[in-house]
Amino acid sequence: MTEVSIAQDGFLINGAPTLQGREFNGRSIEGLLINSRMTNALFDDLNPATRHLWAYPDTGEWDPDRNTDEFIAMIPEYIDQGLHAVTVNLQGGSPTGYYREEGFRSIMAEKGIPVSDDGVWAGLPSYASQPWDSSAFNSDGGLKPTYRKRAQRLLEACDQLGMVVILGIFYFGQDERLDDERAVSRAVDETVKWALKQNYRNVLLEINNECSVPRYEHAILQPHRVHELIRRARSCVIGGRRMLVGTSYGGGRIPDNSVVDASDFIMLHGNGVSHPHRIAEMVEATRSLASYSPKPILFTEDDHYRFNEPSNNFTAALSSYASWGYFDPGAGAGGKPMLGDYRNGYQNIPIDWSISTPRKRAFFSFVRRVVGRS
């Protein structure tokens with residue numbers, strides 16, 4: 001029903017450029033992909049020591065199917081507001097927003113969960129820098145059936161309604177739940193083959209979220225080698241089709257030549273970029289790389305919300321002909337880990353996926369201006 005493709009440095013949906021003929025602030029934005037980070041739409045926590053932290057306030061229990069179903073129910077509204085794409089990750093994202101171990105230790109202490117003196121959570125394996133278990137993969141890289149079923153519901157709903165999904169595979173702090181590089185490669189293979197066999201044409205594949213964050217356990221997921229996985233994913237062809245593949249970098253980071261050369265599209269993050277001119281500089285620096293050839297540049301995560309000001313990170317990206325993505329961790333936007341309150345944000349579990357707060361409304365109001373619906 002929905003097919004995303006690339007022509008030069010722009011995106012097409014069902015063969016037509018997005019925002020066809022549209023200008024904003026006197027510049028063409030035809031071919032850009034307005035997106036939002038909804039990375040925990042498939043989230044679950046298989047660790048019984050932390051699972052109860054994400055309980056819904058009305059039931060006192062965590063329910064991963066409810067989380068996915070409530071997200072799916074909002075897709076028509078997101079599309080009506082002008083959104084083209086959402087980012088979802090098979091290993092989720094930090095359910096407390098910006099993750100800091102010391103902050104999470106405080107949360108667990110407040111909830112009465114014992115923590116050992118050496119900083120390793122009591123009763124949890126030593127590798128668990130993030131104690132929750134939100135990985136869609138078994139330790140050998142096999143895709144868990146429960147995750148596959150939720151992902152199938154989500155991707156098929158987005159397909160039927162006209163939404164593109166930027167599907168991430170790995171998240172730092174969860175990648176270490178895979179045994180070794182063989183397991184990492186298997187997880188990539190299984191994800192790609194599954195998506196192609198299901199004939200999902202509305203999917204852009206993100207190998208891992210913020211490959212430049214120095215917390216990835218496996219070297220093949222780090223900046224100097226992640227291009228190997230990008231090429232591996234692109235090499236899989238089923239029914240004459242392959243996936244469109246890239247990976248993202250941490251806030252303010254310019255991509256490496258090896259990744260730019262291997263990727264179908266370039267993913268940047270604006271977290272921590274407080275001056276809009278830096279957004280424009282990042283785009284210009286990316287296009288100036290020796291390995292760059294015309295291909296889309298898109299920000300898929302940015303936590304700056306000055307939508308009422310003439311110059312903000314969103315407008316700076318558009319003016320540089322780069323797509324932009326909204327990231328809202330609710331009250332944790334300042335960097336402090338916070339449990340979700342089922343109202344604020346689109347990341348901290350449990351999540352209210354509705355447009356329920358002034359910040360969410362401000363973003364979507366600005367999206368309507370950008371796409372010409374208000």
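Ala, Val, Leu, Ile, Met, Phe, Trp, Tyr, Cys and Pro count here as nonpolar, Asp, Glu, Lys and Arg as charged, and the others, Gly among them, as polar. The model is predicted: local features need pLDDT of at least 70, side-chain atom pairs count only at pLDDT 80 or more, and totals for chains, interfaces and linings use all residues. Residues are numbered from 1 along each chain as its sequence is written, and side-chain values use heavy atoms, with hydrogens and water left out.

**Exercise 1. Describe the largest pocket and its lining.**

Start with the term. On a 1 Å grid over the protein atoms alone, a pocket is an open set of points where a 1.4 Å probe fits, with protein on both sides within 12 Å along at least five of seven lines; lining residues have an atom within 4 Å of a point. A volume is the space filled by probe spheres set on the points, which are joined across faces, edges and corners.

Now the values. The largest pocket holds about 240 Å³ of space. It has 18 lining residues, and the closest to its centre are Tyr98, Tyr171, Phe172, Glu210 and Glu301. Sort the lining: 6 are nonpolar, 7 polar and 5 charged.

**Exercise 2. Do the same for the second largest pocket.**

Its space is about 170 Å³. Its lining is Gly103, Ser106, Ile107, Glu110, Lys111, Lys336, Pro337, Met338 and Leu339. That gives 4 nonpolar, 2 polar and 3 charged residues.

**Exercise 3. Place Asn271 and find its partners.**

First, locate it. Asn271 sits in the loop between β12 (266-269) and α7 (276-287). Helices (H or I, at least four residues) and strands (E, at least two) are DSSP runs, numbered from the N terminus.

Next, accessibility. Buried means under 20% relative accessible area, exposed over 50%, and partly exposed in between (1.4 Å probe, protein chains only). Asn271 has 9% relative accessibility, so it counts as buried.

Then the polar contacts (N or O pairs within 3.5 Å; within protein, one atom must be able to donate a hydrogen and the other to accept it, and residues adjacent in sequence count only if both atoms are side-chain atoms). The Asn271 side chain makes one of 2.7 Å with the side chain of Tyr98. Another, of 2.8 Å, joins it to the side chain of Glu301.

Last, count any contact (heavy atoms within 4.5 Å). Leaving out residues up to four places away in sequence, Asn271 touches Tyr98, Glu210, Gly251, Gly252, Glu301, Asp302, Asp303 and Phe327.

**Exercise 4. Check the span of helix α4 and see what covers it.**

The expected span is 1.5 Å times one less than the number of residues. For the 17 residues of α4 (181-197) this should be 24 Å; the end C-alpha atoms are 24 Å apart, which agrees.

Look at the start. A side-chain oxygen of Asp180 comes within 3.2 Å of the backbone nitrogen of Arg182. After the helix comes Asn199, with a positive phi near 65°.

Now the buried residues, among them Val184, Val188, Thr191 and Trp194. Their cover includes α3 (145-161), β8 (164-170), β9 (203-208) and α5 (226-235).

**Exercise 5. Are Gln8 and Leu19 buried or exposed?**

Gln8 lies in the loop between β1 (4-7) and β2 (10-13). Its phi is positive, near 55°. Gln8 is exposed, because its relative accessible area is 56%.

Leu19 lies in the loop between β3 (16-17) and β4 (23-24). Its phi is positive too, about 50°. Leu19 is buried, because its relative accessible area is 14%.
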